[in-house]
Amino acid sequence: MNPKISIVVPIYNVERHLDQCVGSIRDQTYSHLEIILVDDGSPDGCPEMCDDYAKQDSRIKVIHQINSGLSEARNSGLSVATGEYILFVDADDYIDLNACERLIDIMNNQKPDIVAGNVRRIEGSKVFEMSHALDTQAKTIAGADFLKNELKTKTMHRVVCPNLFKREFLLAHQLKFKVGILHEDAQFTPRAFLRANEVMGTNLTFYNYLIREGSITKKADLTVNGIDLIQTCYELAGIYKTLEDKELIRLLNDDLVTLYLYGFQIGRLYRKEYNPLISKGFLIKRALSLRNRGKVILFVISIRLYFFINAFLKALRR
């Protein structure tokens, strides 16, 4: 088995980091690659850098487009990809040099819809591993069953990049990234896993997610982030209620409570102008775990009290 992997890299204002990212892809020990660099109207030197990369390596395709956001850039890359499998890599991150080779070896001639890898989250000198609990290496299970197990163990990470997707699977189910929102991974990942007939878990940590000053998670004002996350929760809730597996629905809904409260907290949405967005009833109906039930009780009593207690506890942990 020697499938071509298309690696899609959305690029915007990452001139300082692009060499590391593209180098980690171009120098893979597995060479049967298609590298798609999507210049999303970057205002720095990235467009010229992308063109130079393409002159040096015939496997590299470059798309130049007006700035449309991460989701549209990923969708653009997917639309021209020809590989059997798709890997998404953000331009300020990088992957291990043997990542693709190890993913292909793990698949062992099988052709799952999704191969789930793991992430190193790197912030300065601190490294945290974000790993799935379920390792189904050398076998596959239904995406819904994979989700159920990972939700039970609290190890279902919403990030897209450490997952290898079969291109035909994405196209058949019209799985694209929603345009115009932040935290698009939170909206895309559960939809993809619910659609997948075959998911292969792995113990492979290959994706290096770098937290840098100026990144989305470091912005001072995360109001829009919080609003988008809560809107995503409402949207996903509508999808989940159509499922037949009651246990899975309960687990997914409890996960929505976690995501909802996270969005509320980072967006500082306790202020009166955001009251129309907030639904205490949404949380009351869906909280399953004791931890989330406790949080929701406090939230129902007072959203302002909930916010400031959590902000205080976060400050203590620093």
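Which residues line the second largest pocket? In this predicted model, the lining is made up of A144, H173, L175, R191, L194, R195, I239, T242, L243 and L248. If you pull those up in your viewer, you'll be looking at a pocket that holds about 180 Å³ of space. Sorted by class, its lining has 6 nonpolar, 2 polar and 2 charged residues. Helix α7 gives the largest share of that lining, with 3 residues.

Now for the enclosed space. The count of cavities of 30 Å³ or more comes to 1, and about 100 Å³ of space lies in the largest cavity. It is lined by 14 residues, and the closest to its centre are M156, R158, P190, Y240 and D255. Which elements give two or more residues to this lining? They are α5 (143–152), α7 (184–195), α8 (223–240) and α9. Of these, α9 brings the largest share, 4 residues. By class, the lining of the largest cavity has 10 nonpolar, 2 polar and 2 charged residues.

Helix α9 turns up again when you look at how the nonpolar residues are packed. The largest nonpolar core has 97 residues, and I5, L18 and F264 are the ones with the most contacts inside it. Helix α9, which spans residues 246–267, supplies the largest share of this core, 10 residues. As a rule, nonpolar side chains in soluble globular proteins tend to be buried together. L18 is a handy place to zoom in. Setting aside residues up to four places away in sequence, L18 touches I11, G23, C46, M49, C50, Y53 and A91.

Next, head over to the strands, starting with β6, which covers residues 114–123. Is β6 largely enclosed or largely open to the outside? Because 7 of its 10 residues are buried, β6 is largely enclosed by the rest of the structure. Its pairings are worth tracing one at a time. With strand β9 (residues 199–210), β6 runs parallel, and 8 bridges join the two. To find your way along that pairing, look for R120, which stands opposite N208 in β9.

The pairing of β6 with strand β7 (residues 126–130) is antiparallel and takes in 5 bridges. Here E123 stands opposite K126 in β7. These two strands form a hairpin with 2 residues between them, and G124 in the turn has a positive phi of about 65 degrees. There is also an antiparallel pairing between β6 and β8, with 3 bridges joining them. In this one, A116 has N163 of β8 as its bridge partner.

That brings us to K166, which sits in strand β8 (residues 163–166). Is this lysine buried or exposed? K166 has a relative accessible area of 16%, and the cut-off for buried is under 20%, so K166 counts as buried. What is K166 in contact with, leaving aside its neighbours within four places in sequence? The answer is E84, Y85, K111, P112 and D113. If you'd like a longer-range bearing, try H64: K166 and H64 are 102 residues apart in sequence and 25 Å apart in space, C-alpha to C-alpha.

Conventions: Residues numbered from 1 in each chain as written. Predicted model: local features only at pLDDT ≥ 70, side-chain atom pairs only at ≥ 80, totals over all residues. Heavy atoms only, no water. Buried < 20%, exposed > 50% of the residue type's maximum accessible area, 1.4 Å probe, protein only. Contact = heavy atoms within 4.5 Å. Core = buried A, V, L, I, M, F, W, Y, C linked by side-chain atoms within 4.5 Å. 1 Å grid on protein atoms, 1.4 Å probe; cavity = no way out; pocket = protein on both sides within 12 Å on 5 of 7 lines; lining within 4 Å. Points joined across faces, edges and corners; volume = space filled by probe spheres on them. Nonpolar A, V, L, I, M, F, W, Y, C, P; charged D, E, K, R; others polar. Pairing = 2+ DSSP bridges.
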